Amino acid sequence: MAEEDSSQEKTEEPTPRRLEKSREEGQVPRSKELATTMVLVIGALGLLAFGPWMADHINNIALFSFNLEREALFDTRVMSNHLGAAMWEATLALMPWLILVLIAAFAGPLGVGGWLFSAKAITPKLDRLNPLSGLKRMFSMNSLVELFKAWAKVLVVGAVAVLVLWFSFDYVLGIKYEPTELAIMHTIDIIIWSVIFLCLSTVVIAIADVPWQIYSHTKKLRMSMQEIKDEYKETEGKPEVKSKIRQLQREVAQRRMMADVPDADVVITNPTHYSVALKYSAESMQAPILVAKGSDRVALKIREIAKEHNVAQMQAPPLARALFTHAKVGEEIPEGLYVAVAQVLAYIFQMDQFVKGQGPKPERKPDMPIPRDLRVDPDPQ
């Protein structure tokens, strides 16, 4: 019993089929820290890049909004138009930055897991409402890791914030002695760079979180040896089922092959073992085609069908063995057997003409030369 339990331990890496199935169900490694860091860092750098543009438009909005004539204050139509113009200016001011942040939000999942659209991932699951399952998740290793990450973020971001304040303390105190416009510009500059450094501090958490999420996801999908065996049987099929399928395929192919025997021009036989049926049309074929072949009982069946449909038969053991071994059903015969088969077809044609009284009887059977590399030794008796 102990051996059975140990064999069920999930110690094996997930198979490609298991990974594909989990992806179909919407289960892929995800790093929320990486996605959040992407948005924060790109957003902060966007403020640095588009800050002057946004500040210029916001300044225009302020001037436009506080520069009203007295009569306009009491005209509702003027005020609504004024509000619309201010909103359009604000949209222009924020649009480049918002587009950049949107791109970062969509690019974040590409880092781990990639984009995934799965209906199964959003399907409600009743087991999630189970209080016992909820308690189990609360006190799981994953929850402990999430708690550790939360504290780590607080400590890292807090430490970076303290360092930023420490290095810019004297500079901040010096702002009070500057003119108003210059002080505002320096204050904005300090705020933007502080935001950038604080956002960059989350990169440390993301770098640690990505390997953990990949490891956690892979561990969750690990399989036991029995699961791998069951999956193999499910994918490849049980041996007995595969054997039955192959048998049915052979039977179907054999029936199709037998249906072509009546259209053959000649059946060449080795009386005790092999039969091969050939068909040739000078108008549509470059070389004779093997339409059927078989050994033992199949060979006998081919000869029976040929006899029923008056298909000519000819005994030529060496040629029958060579065609049976080297030619495939539905394909042209090997080039090295062209001469031998041509002699057989010519002989059959002459015999057919003789039977119909339209020509002399062939003097003798053809030689049917078989190249050395295509010869097949007879089966031992």
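The exercises below, each with a worked solution, concern a predicted model.

**Exercise 1. Ser 194**

Find the element that holds Ser 194, decide whether the residue is buried or exposed, and state which backbone oxygen lies by a polar atom of its side chain.

Solution.
1. Ser 194 falls within helix H8, which covers residues 180-220.
2. Its relative accessible area is 17%. Buried means under 20%, so Ser 194 is buried.
3. The backbone oxygen is that of Ile 190, and 2.7 Å separates it from a polar atom of the Ser 194 side chain. The cut-off for a polar contact is 3.5 Å.

**Exercise 2. Aromatic pairs in helix H8**

State how many aromatic pairs a search of the whole structure finds, then classify the pair Trp 193 and Phe 197 and the pair Trp 212 and Tyr 215.

Solution.
1. The search of the whole structure gives three aromatic pairs.
2. For Trp 193 and Phe 197, the ring centres are 6.1 Å apart and the planes meet at 35°. Stacked requires planes under 30 degrees apart and edge-to-face requires over 60, so this pair is tilted.
3. Both Trp 193 and Phe 197 belong to helix H8, at a spacing of four residues, about one turn of the helix.
4. Trp 193 has a relative accessible area of 37% and is partly exposed; Phe 197, at 42%, is also partly exposed.
5. For Trp 212 and Tyr 215, the centres are 5.9 Å apart with planes at 40°, so the pair is tilted.
6. Trp 212 and Tyr 215 both lie in helix H8 too, three residues apart, about one turn of the helix.
7. Trp 212, with a relative accessible area of 23%, is partly exposed, and Tyr 215 is partly exposed at 40%.

**Exercise 3. A charge over a ring**

Identify the ring over which the charged end of Lys 293 sits, and give the distance to its centre.

Solution.
1. The ring is that of Phe 324.
2. The charged end of Lys 293 is 5.2 Å from the centre of that ring. The distance limit for this geometry is 6 Å.

**Exercise 4. The second largest pocket**

Describe the second largest pocket by its volume, its lining residues and the elements that supply them.

Solution.
1. The volume of the second largest pocket is about 560 Å³.
2. It is lined by 16 residues, and those closest to its centre are Gly 51, Ala 55, Ile 184, Met 185 and Ile 188.
3. Two or more lining residues come from each of helix H3 (32-66) and helix H8.
4. H3 makes the largest contribution to the lining, with nine residues.
5. By class, the lining consists of ten nonpolar, three polar and three charged residues.

**Exercise 5. Separation along the chain and in space**

Locate Tyr 280 and Val 172, and compare sequence separation with C-alpha distance for Tyr 280 and Ala 342 and for Val 172 and His 186.

Solution.
1. Tyr 280 is in the loop that joins strand E2 (274-279) to strand E3 (289-295). Its relative accessibility of 33% makes it partly exposed.
2. Tyr 280 and Ala 342 are 62 residues apart in sequence, with a C-alpha to C-alpha distance of 9.7 Å.
3. Val 172 is part of helix H7, residues 141-174, and is partly exposed at 39% relative accessibility.
4. Val 172 and His 186 are 14 residues apart along the chain, and their C-alpha atoms are separated by 8.7 Å.

Key: Residues numbered from 1 in each chain as written. Predicted model: local features only at pLDDT ≥ 70, side-chain atom pairs only at ≥ 80, totals over all residues. Heavy atoms only, no water. Buried < 20%, exposed > 50% of the residue type's maximum accessible area, 1.4 Å probe, protein only. Polar contact = N/O pair within 3.5 Å; in protein donor to acceptor, adjacent residues only side chain to side chain. Phe/Tyr/Trp six-rings, centres within 6.5 Å; stacked < 30°, edge-to-face > 60°. Lys NZ or Arg CZ within 6 Å of the ring centre and 35° of its normal. 1 Å grid on protein atoms, 1.4 Å probe; cavity = no way out; pocket = protein on both sides within 12 Å on 5 of 7 lines; lining within 4 Å. Points joined across faces, edges and corners; volume = space filled by probe spheres on them. Nonpolar A, V, L, I, M, F, W, Y, C, P; charged D, E, K, R; others polar.
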